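Me: I have not looked at this protein before. Please take me through it in short questions and answers.

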Amino acid sequence: MVGRARNGGRGRMIGVLFGALSYDVIDKIIIALKMDALIQDTIKGVILIIVIMIQVAGPQIKEFFGRKGTRSSE
């Protein structure tokens with residue numbers, strides 16, 4: 001299948017629940033700190049971008065470090 005995403009549809013309900021609760025906790029902390037609304041949205045956006053980057057790069061990072069640790073000693 002051409003153009004199909006590799007990880008599409010591979011989420012678990014516990015992951016969705018954890019993500020939503022984490023996002024809500026971050027929102028409550030930002031509100032408690034009484035930050036400006038623009039700053040709140042910026043912080044939430046940056047956090048989402050970082051999480052997505054980690055999720056996408058995670059398998060590649062695991063593979064890189066996994067290959068490094070399995071080298072045979074000469």
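**Surface, helices and contacts**

Me: What is the relative accessible area of Met 35?
Reply: Met 35 lies in the loop between H1 and H2. It counts as partly exposed, because buried means under 20% relative accessible area and exposed over 50%, with partly exposed in between (1.4 Å probe, protein chains only). The relative accessible area of Met 35 is 31%.

Me: What kind of model is this, and how are its residues numbered?
Reply: The model is predicted: local features need pLDDT of at least 70 and side-chain atom pairs count only at pLDDT 80 or more, while totals for chains, interfaces and linings use all residues. Side-chain values use heavy atoms, without hydrogens and water, and residues are numbered along each chain as its sequence is written, from 1.

Me: How many helices and strands does the protein have?
Reply: Helices (H or I, at least four residues) and strands (E, at least two) are DSSP runs numbered from the N terminus. H1 covers residues 13–32, and H2 covers residues 37–69. The protein comes to 2 helices and 0 strands.

Me: How far apart are the end C-alpha atoms of H1?
Reply: The expected span of a helix is 1.5 Å times one less than its number of residues. For the 20 residues of H1 this gives 28 Å, which agrees with the distance in the model. The end C-alpha atoms of H1 are 29 Å apart.

Me: Which residue just after H1 takes a positive phi?
Reply: The residue sits in the loop between H1 and H2, and at 73% relative accessibility it counts as exposed. Its phi is about 55°, although it is not a glycine. The residue is Lys 34.

Me: What is the area of the nonpolar surface patch that includes Met 35?
Reply: A patch is made of residues with over 30% relative accessible area and no salt bridge; nonpolar side chains (Val, Leu, Ile, Met, Phe, Trp, Tyr) are joined within 5 Å, like charges within 9 Å. Here Val 25, Ile 29, Leu 33, Met 35 and Ile 39 make the patch. Its area is about 430 Å².

Me: How much of the protein's accessible surface belongs to carbon and sulfur atoms?
Reply: Accessible areas come from the Shrake-Rupley method with a 1.4 Å probe. The accessible surface comes to about 7,000 Å², and buried residues make up 7% of the 74 residues. The share of the surface that belongs to carbon and sulfur atoms is 66%.

Me: Which two residues form the salt bridge?
Reply: A salt bridge is a side-chain nitrogen of Lys or Arg within 4 Å of a carboxyl oxygen of Asp or Glu, and the structure holds 1. One partner lies in helix H1 and the other in helix H2, so the pair ties together parts that are 17 residues apart in sequence. At 2.9 Å, N to O, the partners are Asp 27 and Lys 44.

Me: Are the salt-bridge residues Asp 27 and Lys 44 buried or exposed?
Reply: Asp 27 has a relative accessible area of 18%. Lys 44 has 13%. Asp 27 counts as buried, and Lys 44 also counts as buried.

Me: Which residues form the aromatic pair?
Reply: Rings of Phe, Tyr and Trp (its six-membered ring) pair if their centres lie within 6.5 Å; planes under 30 degrees apart count as stacked, over 60 as edge-to-face and the rest as tilted. The whole structure has 1 such pair. It is edge-to-face, 5.2 Å centre to centre with 75° between the planes, and joins Phe 64 and Phe 65.

Me: How far apart in space are Leu 48 and Tyr 23?
Reply: Leu 48 lies in helix H2 and is partly exposed at 41%. Leu 48 and Tyr 23 are 25 residues apart in sequence. In space, C-alpha to C-alpha, their distance is 8.8 Å.
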